[in-house]
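Let's take a friendly walk through one part of this protein, looking at how its helices pack and what its core is made of.

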Amino acid sequence: MFTTDDPDLQSLGELMHTARLGWWKADFETREMILSEFLTELLGIASNRISIRELLQLTREDYRDRISDQFLALKIENRFDETFPVVAPGGAIWLHAQLVRKLATPEKTLKLFGYAQQVSVGDRREAEVLTLESNYRALLRENKHMDELLDHLPIGYLRIRLLYDDTGTARDYMILSVNRTAEQILGIRADAYRHRIASEIGIPVAQHVARLASIRPGDYQASEWCSPRTQRHCRSFLYNTPNDPTEIVILNLDITESVAAHRALDEQEKLLRNIVQNAPVGIEIFDREGRLIDINACNIALFGVEEPEHILGLSIFDNPNFPAEIKARIRRGEGTDFTARYDFSKLNGYFRSSRSGTFEWTARVRCLYNTQGGGISHYLLINIDNTELRRSQDRIAEFETLFRTVSEYAQVGYAHYNLCTREGFAQSVWLRNYGHAETDSVGDIVGRYTHLHPDDRPELLEALERFRTGAIQSRTIVCRILHEDGRTTWIKNHLICRDYRPEERVVEMLGINYDITALKHTERELIDAKERAEEANKLKSAFLASMSHEIRTPLNAIVGFSQLLASETDAAARQEYIDTIALNNSLLLQIVSDVLDLARFESGGLDDVRTEFDARELCRETVASLRQLAPAGVALRCEEPLPACRMRQYRQGVARVLSNYVRNALKFTLHGTVTVGFAAQRPRSIRFYVRDTGIGVDADKLPHLFERFYKVDTFTQGTGLGLPICQSIAEQIGGKVGAESLVGTGSTFWIDVPTVE
C-alpha cells in the first residue's frame with residue numbers, strides 16, 4: 001500500500017504531473033466532482049471540490065452544450081471519451097477526458113471515476129482535434145442559425161435524444177431543444193427542460209419511451225392530444241432523423257381553434273337539428289326544385305300526416321291550399337308570409353291526413369341561398385296553427401295576471417336596470433316597496449334611495465359600488481323604508497348582476513324586493529316570547545325555592561307537633577298542640593290553594609261567571625268572614641256610610657281580591673283599623689279598597705308588590721302569591737290593581753272593577 005511519504009507514490013505523482021494527467025471523480029447524487037491536485041491547479045480553481053454544473057461551465061461556449069449533454073448522459077450510457085477546450089486563467093487549454101469506471105452504490109447513487117489529460121500544443125492529435133474544432137465550429141454556426149429559425153417557428157419544436165442501457169433498450173431520453181411556440185403550447189419553460197433527462201423532471205417516460213424507440217430512422221408517426229397544462233389541442237409529428245437513430249424531432253401544431261371550431265360546428269348542427277325536430281311550429285324544408293326533403297314532428301302532427309315516409313318529394317307548388325299569387329312569389333325567389341284557412345277537403349290526394357275540417361293557418365316561406373353560387377338552394381316553410389298561438393297568448397296573459405295578483409298580494413316586486421345608465425323597468429310593487437309612487441321611474445330610485453333609513457342607505461350604496469366594479473355578483477340586503485305618511489316598513493332586497501360589460505357601460509341588474517314588515521314583527525314577538533320564557537324559567541326556579549321554604553315550615557310544624565301529641569298526656573298541652581297543627585294545616589292549605597289558583601288564573605282557566613250583586617253587601621260579608629283573624633288591638637270594619645250599589649261582574653273574583661287584601665293588611669297592622677270600602681271611580685267603574693293603619697311600605701318597593709314571590713318582609717309568613725293572584729283576576733275581568741302607602745302611617749290597596757251592562 002502506498003503512503004503519502006512513499007517514494008513510489010511521489011514518483012507516480014511526478015510522472016502524472018509531467019504527463020499533464022489528472023484524475024476526477026463525480027457523484028450524481030450530490031452533483032459534485034473531486035479533482036486531482038494537477039487538475040485543480042490547471043483549471044485555476046480554489047478547491048478540489050466543485051459542482052458538476054460549475055465545472056461544465058468552464059468548457060468553452062461553442063463546446064459547452066455538446067460536452068454537457070454527453071456527460072449528463074452518463075446516467076444512462078457507459079461511454080465518455082471527448083477532447084474539448086476549457087477556459088483557464090491563462091487562456092484556453094485542451095483536455096482529453098475519459099470515463100474509466102462507473103459504479104452504482106447500494107443506496108442507488110451513481111459514482112464515476114475517470115482521467116483528464118492536457119493535450120500539448122503541436123501534438124498530432126491536437127492538430128486533428130483543431131481540425132475537427134474548425135469543422136465543428138462551422139457546424140455550430142449553421143446550427144445556431146437553424147436554432148434561431150426553429151425558435152421563431154409558428155409550430156412547436158422539440159428535439160430529444162434516446163438513452164439506451166447496456167442491452168440496447170431505450171430507457172429514457174434527454175430533451176435537447178425546445179422552441180418558444182412549444183413553451184406556449186405545452187405550458188413549460190425551456191430552460192427547465194433543455195439538457196435535462198425526462199425522468200428527472202417528472203415526465204412519465206415509461207408510458208411512451210417504447211413508442212418513441214419504435215420509430216424507424218427516416219420514418220414518422222402522427223397523433224392528436226390535449227396538453228394537460230394549457231388545455232391546448234395539438235397534432236404532433238414524431239420524426240426519427242435518418243443520420244442519428246437516437247435523435248427524434250417532435251413538431252406540435254396547435255389545433256385548438258380548429259378543434260373548437262369543429263366542435264362548435266357539430267354542436268350547432270346538432271342544436272339546429274334538435275331545434276327543427278322539437279320546434280313548437282311545423283317546419284318543412286324543400287330543395288331548390290321545390291321538392292320536400294325534410295319535415296319535423298310538429299308539422300306531421302299539425303297536418304295529421306298518416307304516412308310521413310310517403311310525402312317526401314311532394315312539390316310545394318302542387319299544394320292545393322297555397323294561393324296562386326303565393327306560388328308566383330316563391331318562384332320569383334321572394335319570401336312571403338300569409339294567413340289562410342287550411343281546408344283538408346281540398347287535399348284531393350296531395351297526401352293522406354287523419355284530420356278533417358279547417359283551421360286558421362299562418363305560413364312563412366323563406367328562400368335560402370347558396371353562399372358560394374348565390375342561387376337558391378332550399379325553401380323553408382314554417383306552419384303555425386293560430387289556434388294554439390291564441391291559446392298560448394291567453395295562457396301568457398293569464399300567467400301575467402296571476403303573477404301580478406301574486407305580486408300584489410305577497411308584496412313582491414322586481415326590476416331590471418342598467419346600473420351605469422340607471423335605465424330599465426320596474427314593477428309597481430317594487431316602486432311601492434321603496435316608498436315611491438307608481439309613476440316614478442327606476443332612475444328616481446337607484447343610487448338615491450331617498451326613502452331609505454339613513455342608517456341603511458350606506459350599505460346599499462356600498463353594495464351597488466361593488467357591483468359596478470365587479471367585486472360581487474349577488475347580494476341580499478335588509479333595510480327600512482320611511483314612508484311619507486310616517487310608516488316605517490322593512491323590505492328584503494335580492495340584487496343579482498346578470499350581465500357585466502363595464503367597457504360597454506353595461507352592468508345589467510335584476511332586483512327583487514318584498515315586504516317583510518310582518519316577519520319582522522313576528523321576529524320581535526318571538527324574541528319577546530323567548531325572553532318571557534326565560535323569565536318564566538327564572539320565576540319557576542324562584543317558585544321552587546320559595547315553595548320549598550313555605551311548604552316545609554308548616555309541614556315541619558305539623559309533623560313535629562303530631563309526634564309530640566302522640567306522647568303527651570296533659571290535656572291542656574295536647575289542646576295547644578292540636579291548635580298549632582290546625583293553624584299550620586290552614587297555612588299549608590292556603591299555600592297550596594294560592595299556587596293552584598295562580599296557575600289556573602294565568603293559564604286562562606278563570607271561570608268568570610258574571611252575576612248581579614250589591615257592592616255594599618260584598619264588603620260586609622268580607623269583613624264578617626275575616627273578623628276572627630284580626631289580632632288584639634286591630635278593628636276590622638266597613639267604611640261608613642256605604643251606599644247600596646248594584647253591579648254585574650265576577651263576584652267571586654272580586655271577593656277573592658278583597659279577601660287577599662284584608663289578610664295582608666291584618667298581617668302588617670299591629671294596632672288601629674283595617675277598613676273595607678268602595679267608591680265610584682268613573683262611569684261604569686267601581687274602586688274597591690282596603691285601608692289599614694299598619695307599618696306601611698317604602699316607596700321604592702311599591703312597584704314590586706304585585707310581582708310573584710315578592711315579599712317586603714321575608715320573615716313574615718306567606719308565599720308572595722296573594723297579590724299576583726289579585727292582579728291576574730283584575731286583568732282577566734278588565735280591571736286594574738294598585739297600592740298607595742306611607743311608612744308608619746298605613747297602606748291602601750285597591751282594585752278598579754268595570755261594571756257590565
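Axes here are lines fitted to C-alpha atoms, for helices over the stretch in contact, and angles run from 0 to 180 degrees between N-to-C directions. Helices (H or I, at least four residues) and strands (E, at least two) are DSSP runs numbered from the N terminus. This is a predicted model, in which local features need pLDDT of at least 70 and side-chain atom pairs count only at pLDDT 80 or more, while totals for chains, interfaces and linings use all residues. Residues are numbered from 1 along each chain as its sequence is written, and side-chain values use heavy atoms, leaving out hydrogens and water.

Two helix pairs share α19, and the table sets out their geometry.

| Helix pair | Angle | Axis distance |
|---|---|---|
| α18 and α19 | roughly 45° | within 10 Å |
| α19 and α20 | about 155° | 9 Å |

α19 is therefore roughly antiparallel to α20 (an angle over 145 degrees). By contrast, α18 and α19 are oblique to each other (outside the ranges under 35, 65 to 115 and over 145 degrees). The crossing of α19 and α20 is left-handed, the near helix being turned anticlockwise from the far one by less than a right angle; α18 passes α19 in a right-handed crossing.

Contact means heavy atoms within 4.5 Å. On the α18 side, Leu618, Glu621, Thr622 and Leu626 meet α19 residues including Val654, Leu658 and Val662. This contact divides into 7 nonpolar, 2 polar and 3 charged residues, with Ala, Val, Leu, Ile, Met, Phe, Trp, Tyr, Cys and Pro counted as nonpolar, Asp, Glu, Lys and Arg as charged, and the others, Gly among them, as polar.

What does the largest nonpolar core look like? A nonpolar core is a set of buried Ala, Val, Leu, Ile, Met, Phe, Trp, Tyr and Cys residues joined through side-chain atoms within 4.5 Å, and buried means under 20% relative accessible area with a 1.4 Å probe, protein chains only. This one has 40 residues, of which Leu636, Tyr661, Phe678, Phe688, Val690 and Ile751 touch the most other members. Elements giving it two or more residues include α18, α19, α20 and β27, and the largest share, 7 residues, comes from α19.

Is Cys619, in helix α18, buried or exposed? At 0% relative accessibility, Cys619 counts as buried. Beyond four places in sequence, Cys619 touches Cys638, Leu642, Val676, Gly677, Phe678 and Phe688. Cys619 and Gly677 lie 58 residues apart in sequence, yet 6.4 Å apart in space, C-alpha to C-alpha.

Methods
Buried < 20%, exposed > 50% of the residue type's maximum accessible area, 1.4 Å probe, protein only.
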